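Open the model in your viewer and keep the selection box ready. The tour starts with the whole chain, then goes strand by strand.

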Amino acid sequence: MSNSLSDKVITNPPEQLRCEIAVVGSGPGGAITACLLAEAGRNVLLIEEGPFLSLESCIPFSKDEMVQKYRNGGLTVAMGSPKVQYVEGRCVGGGSEINSGLYYRTPAEILEKWRREFQLEALDEADLLPHFEVCEQDVTVCYLPGKPPDASLKLHEGAIALGWKSFEVPRWFQYEEQVDQMTVPKGTRQSMTKTFIPRALKAGCQILANTRVQVIRFQGNKWLLKSDHAPLASHVQIEADYLFICGGAVQTPALLRRSGITNNIGNSLQMHPTIKVTAHFPENVSSTDMGVPVHQVKEFAPRFSFGCSISSPAYLALAMNDHPTDRHEVDQNWQKMAIYYAMMTPSGRGTIRCVPKFRDPLVRYGLTDGDLKTLLEGLQKLSMLLFEAGATTLYPSITEGPKLTKQTKINNLPDTLPRKLTNLMTIHLFSSCPMGENQKICAVDSFGKVHGLKNLYVADASLLCTAPGVNPQGSIMAIARRNALHFLGKL
Ligand SMILES: Cc1cc2nc3c(=O)[nH]c(=O)nc-3n(C[C@H](O)[C@H](O)[C@H](O)COP(=O)(O)OP(=O)(O)OC[C@H]3O[C@@H](n4cnc5c(N)ncnc54)[C@H](O)[C@@H]3O)c2cc1C
């Protein structure tokens, strides 16, 4: 970072800070909001709980990355039966620093559902199109300019053999020029620290990292933010005319509720619960430099979709914890193994509540019987696909659950997924402060302003009215851009 930009990074904050616009949280929602407001000449302070690290501070998808950039090292759980492990970024750039970069626009039928049920105004496909187009250029959304990873191709081949819809998903990546079509191209994820954060700094935005906003209060026509700066173990009070909360779908409602703002806040958390299957193939499908798998199977979308996960030895070892008697396979054969997932759009929902004296909120999430049936169907179909692709053994993420082989096929799967033993996870969380004019269910208006409160906005995944059924960051970026321009009177 050049000297002039690093001047904008506050490392030794005074006890009192003042700005026109404070933005809390620097993930895709917060980074884009702060950047556009600063570029419009406004005085902006971006506050982030996690550290300000470069994208290169650790190897992507490594244990170091979990320690440096994940909230609680990735050990966060939504309580319920089954419980769902969820993962959030906690660093400048938020989830964009640790994610796979798989890009989608919000499906038109989802926007229509939001318009109908949430009375969301001015957000149909045509309204969002210009924002998608600009964001896609800003973060360089593109296809892989060469060979996809073998494990990703296996998923695609299995789907095509069954006549199911499967395709490569574009990503926000910049690739090195490809010379050899037989190797997987190397590239750099265009996270927020590579795109909107440097732009924001250049436009004069200040950044205060390692600082958690504990509570907010409206007093004397200003917002006051009581914050803790971790490195100096000091308290910082920030005063702002306008306040944007962008802490992500769990932390945004947690902060608002801690501050006594509770109307339709944290009552409607949604996610894409995901069940995993580790597949063993006769030939090598994984390697240390395989990159991110890029194919998804959308034959059964929006009910469920399939994809391939990062399958490094560390991730495989974690996945095989459910099958302790075969865990040694990872030591001996990890290159022949890969992790796949079925990700669903559920009808269940969750809540976020603050617990006195606890730092983290209590997150609860309930899957309905119908959701569990859908997940089981997803698991069955994914297993069929993987056998079609040549897998010899499959290990579903069910504790000491059945192992499926070419002989048993899917017959060993239970009739119902056991609630206590099925291990679900998610990396997609949203809808905890839904937007729209339907004040019975919406926390904020159609442009992110909190109903009934002055100069307070939400601009992150919390706004999405329901689960979009596709990877969400594309939606979050476009909506943050639209809402920032609306705030500036530039729509
Ligand atoms: C491993 C992983 C892989 C993913 N892969 C994809 C993908 O391929 N495609 C896709 O579209 N999506 C993907 N996602 C999801 C995507 O990253 C998130 O939807 C997106 O980052 C959410 O953006 P956000 O702005 O709502 O919040 P976040 O990115 O969660 O950022 C919120 C930030 O606010 C900070 N914060 C929270 N509370 C406070 C506070 N009180 N004070 C100060 N700061 C605070 C947090 O530390 C965090 O940095 C993935 C997510 C993960 C974790």
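## Whole chain

The protein has twelve helices and 24 strands. Helices (H or I, at least four residues) and strands (E, at least two) are DSSP runs, numbered from the N terminus. The radius of gyration is 22 Å, close to the 23 Å that the globule rule gives for 491 residues, so the protein is as compact as a globular protein of that length. That radius is taken over C-alpha atoms, and the globule rule is 2.2 Å times the number of residues to the power 0.38.

This is a predicted model: local features need pLDDT of at least 70, side-chain atom pairs count only at pLDDT 80 or more, and totals for chains, interfaces and linings use all residues. Residues are numbered from 1 along each chain as its sequence is written, and side-chain values use heavy atoms, with hydrogens and water left out.

Show the C-alpha trace. Along its principal axes it spans about 70 × 50 × 45 Å. Colour by burial next: 58% of the 491 residues count as buried. Buried means under 20% relative accessible area, exposed over 50%, partly exposed in between (1.4 Å probe, protein chains only).

Turn on the surface. The protein exposes about 19,700 Å², and carbon and sulfur atoms supply 51% of it. Accessible areas come from the Shrake-Rupley method with a 1.4 Å probe; for residues, only the protein chains shown count as cover.

Now contacts, meaning heavy atoms within 4.5 Å. Among those between residues at least 6 apart in sequence, 73% join residues at least 24 apart.

## Stop 1: an open sheet

Select β5, β7 and β8. These three strands form an open sheet in the order β5-β7-β8, and the pairing is antiparallel. Two strands pair if DSSP finds at least two bridges between them. The edge strands are β5 (141-142) and β8 (187-189), and each pairs on one side only.

Zoom to β5 and β7 (residues 171-175). Two bridges join them. Which residue in β7 is the bridge partner of Val 141? Pick Trp 172.

## Stop 2: strand β17

Select residues 337-344, which make up β17. Eight of its eight residues are buried. In a regular strand the side chains alternate between the two faces of the sheet. Show the side chains here. Met 337, Ile 339, Tyr 341 and Met 343 are on one side. Ala 338, Tyr 340, Ala 342 and Met 344 are on the other. Both faces are covered.

Add the partners. β14 (residues 274-280) pairs with β17 in the antiparallel sense over seven bridges. Ala 279 stands opposite Ala 338 in β17. Then add β16 (304-308). Five bridges join β16 to β17, and these strands run antiparallel. Cys 308 has Tyr 340 as its bridge partner in β17.

Centre on Met 337. Is Met 337 buried or exposed? Met 337 counts as buried because its relative accessibility is 0%. Leaving aside its neighbours within four places in sequence, Met 337 is in contact with residues including Thr 278, Ala 279, Ser 311, Leu 316 and Val 330. Draw a distance to Leu 316: the two C-alpha atoms are separated by 7.8 Å, with their positions 21 residues apart along the chain.

## Stop 3: strand β20

Keep β14 and select β20 (residues 393-396). Four bridges join β14 to β20, which run antiparallel. Ala 279 has Leu 394 as its bridge partner in β20. Add β21 (residues 404-405), which pairs with β20 in the antiparallel sense over two bridges. Thr 393 stands opposite Thr 405 in β21.

Check the faces of β20. Thr 393 and Tyr 395 on one side, and Leu 394 and Pro 396 on the other, are all buried.

## Stop 4: backbone exceptions

Most residues other than glycine have a negative phi, and most peptide bonds are trans. Four loop sites to select:

- Ser 81 to Pro 82: a cis peptide bond, omega near 0°. Pro 82 is in the loop between β3 (76-78) and β4 (84-86).
- Ala 301 to Pro 302: a cis peptide bond, omega near 5°. Pro 302 lies in the loop between β15 (295-297) and β16.
- Asn 221: phi near 65°, a positive value. Asn 221 is in the loop between β10 (211-219) and β11 (222-229), and counts as partly exposed at 44% relative accessibility.
- Lys 409: phi near 50°, also positive. Lys 409 is in the loop between β21 and β22 (424-426), and counts as partly exposed at 37% relative accessibility.
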